[in-house]
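Thanks for opening this one with me. Here are some notes to read alongside the coordinates, with the sheets and helices taken in turn.

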Amino acid sequence: MTFWIDVEDLFEYALVNRRPSGIQRLSYELYRALLAERPGQIAFCRHDRIRDTMRAVPWSEVEALFRVLSHAEGPNPSGGVPAAARPPGRSGAVRRLASRLPADIRLPLGEAVRSQGSALRAGLRAGGGALAALRRILRPAATRLPDQAVAEGGDLKALARPGDTLLILGSPWFRTDYGALLGRMKAASGISVALLVYDLIPVARPEFCDPGLVRTFRAWMESTLPAVDRFFAISRASAADLERLAPCLGFRLPGPVMALPVGSGFGQEQAGGSGPTPPRVAALPPGYALLVSTVEARKNHLMAFRAWRRLLDTMPEEEVPTLVFAGRVGWMVADLMQQLENCGWLAGKVVLVEDPSDTELAALYAGCRFTLFPSHYEGWGLPVTESLAFGKVCIASSATSIPEAGGPFCLYHDPDDVPEAVALLRRAISRPEEIAGLEARIGREFQPVPWSATARALLAGIEPATSAAA
């Protein structure tokens with residue numbers, strides 16, 4: 001059996017984004033774990049729009065792309081001014097502009113750009129590789145070397161066999177005809193399809209998404225769900241959402257949705273480095289509080305801003321730590337960004353570190369006093385488990401899947417209750433012994449989930465008979 005993983009979404013994402021979000025980070029760590037668990041059985045594929053198929057892609061290309069996304073160093077510290085923290089140059093400006101377009105404009109535009117590139121590459125390949133293509137056609141399928149077929153971008157319709165599984169572990173929502181493509185792949189090769197669901201936010205909480213994304217995501221779900229044979233989710237909350245909302249999407253699930261254990265952190269071998277502190281992190285005042293996520297309405301940075309305003313109104317300024325937002329500036333936050341500008345980023349008590357690299361993220365976690373995660377709605381809550389993996393207490397929202405991620409190691413509040421959040425933050429600031437006690441408990445009791453456990457659970461869910469026999 002071969003497990004084919006569709007990675008087209010990572011390449012699409014890289015067209016308009018400099019850093020991976022939680023979905024790209026989680027899926028990449030899962031890819032690596034699957035490769036380690038099943039060497040020789042994991043392969044990757046991308047979309048070929050010209051020939052309406054999927055083609056094999058070497059892991060080296062996926063690995064190289066993610067390395068660029070996660071490790072390239074960012075701009076200098078913003079000092080509270082987001083414009084100074086944004087990447088310079090035309091490329092950065094184009095990406096920022098594209099990322100702010102409505103989804104029903106941005107996604108088809110991305111498809112058009114990708115199709116133009118695919119057409120050009122196909123033409124070049126046709127002109128320069130006709131003889132190699134003829135050899136591939138004439139060579140019997142049984143004698144093809146898998147590595148060679150992958151390197152040559154072999155057609156999945158020819159390479160896949162009945163019993164193989166196509167794994168959708170990312171976010172390919174840019175193709176509303178995805179279900180039709182899956183149907184043709186299944187009919188041609190006998191392959192089965194397994195889907196990992198992160199969340200159903202555009203359907204469950206559309207108020208946090210632009211209307212184009214809501215339409216695109218709903219159309220993608222209605223197209224894709226009927227072609228899927230096995231469903232997984234990154235949390236019990238997301239599994240319950242899918243089971244609850246599937247009938248609203250006109251679909252009946254083929255069976256229960258299996259929630260996977262999610263790995264903790266982002267490649268902790270990177271976090272354990274002993275190199276110098278990155279300049280943007282070194283420039284921060286000591287003892288800062290940290291909120292890691294894309295700055296968007298759903299993540300509730302507005303509550304954090306309001307809470308810090310109240311802390312500064314009721315406590316001596318020198319006792320209130322600097323609040324660091326670490327992440328790219330996303331959507332539906334124009335009012336928040338304007339408010340921050342108007343008040344001088346609370347006189348410098350709020351700072352934006354935009355698009356941090358993995359090295360910078362590790363240093364930010366290691367150097368913070370505690371973290372925040374006040375999100376309204378999550379599929380999992382990777383920044384919470386990252387915080388715990390670094391031994392840091394998180395003051396977190398009690399909504400959706402976040403308590404699954406944080407367990408008994410966080411201080412929780414209603415994401416709509418600013419006074420409750422302020423009370424917890426004041427405790428964290430004024431009672432360092434309580435935070436130290438929680439950190440000691442994290443050190444004793446928190447058990448980071450290895451990504452290998454996520455991979456094994458996924459494989460066991462696809463191969464129940466094999467895993468039971470073992």
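1. Let me begin with helix α24 (residues 451-462), which lies across β1, β4 (165-168), β5, β6 (230-233) and β7. Contact here means heavy atoms within 4.5 Å. The helix runs at about 155 degrees to β6; axes are lines fitted to C-alpha atoms, for helices over the stretch in contact, and angles run from 0 to 180 degrees between N-to-C directions. Helices (H or I, at least four residues) and strands (E, at least two) are DSSP runs, numbered from the N terminus.

2. A word on the basis: this is a predicted model, in which local features need pLDDT of at least 70 and side-chain atom pairs count only at pLDDT 80 or more, while totals for chains, interfaces and linings use all residues. Residues are numbered from 1 along each chain as its sequence is written, and side-chain values use heavy atoms, with hydrogens and water left out.

3. The strands under α24 belong to an open sheet of seven, in the order β3-β2-β1-β4-β5-β6-β7, with mixed pairing. Two strands pair if DSSP finds at least two bridges between them. At the edges stand β3 and β7 (258-259), each with a single partner strand, so one side of each has no neighbour in the sheet.

4. Strand β2 (residues 42-48) deserves a look: seven of its seven residues are buried, so the strand is largely enclosed by the rest of the structure. Buried means under 20% relative accessible area, exposed over 50%, and partly exposed in between (1.4 Å probe, protein chains only). With strand β1 (residues 3-6), β2 pairs in the parallel sense over four bridges, and Trp4 stands opposite Ala43.

5. On to strand β3 (residues 53-57), which runs antiparallel to β2 and is joined to it by five bridges. Met54 faces His47, and Thr53 stands opposite Asp48. This hairpin has four residues between the strands, and Asp52 takes a positive phi near 55 degrees.

6. The second sheet is also open: six strands in the order β10-β9-β8-β11-β12-β13, with parallel pairing. Its edge strands, β10 (350-353) and β13 (411-413), each pair on one side only. Neighbouring strands are turned by 25 degrees against each other on average, direction ignored. Within this sheet, four bridges join β8 (residues 289-292) to β9 (residues 323-326), and Leu290 has Val324 as its bridge partner.

7. Helix α20 (residues 382-389) lies across β8, β11 (370-373) and β12 (394-397), at about 170 degrees to β11. For helix α19 (residues 358-367), seven of ten residues are buried, among them Leu361, Leu364 and Tyr365.

8. How many cavities of 30 Å³ or more does a search of the whole structure find? There are three. A cavity is a set of points, on a 1 Å grid over the protein atoms alone, where a 1.4 Å probe fits but cannot get out; lining residues have an atom within 4 Å of a point. The second largest holds about 70 Å³, a volume being the space filled by probe spheres set on the points, which are joined across faces, edges and corners. Its lining includes Trp173, Asp199 and Phe217, and β5 (192-197) and α12 (211-224) each supply at least two residues.

Technical notes
1 Å grid on protein atoms, 1.4 Å probe; cavity = no way out; pocket = protein on both sides within 12 Å on 5 of 7 lines; lining within 4 Å.
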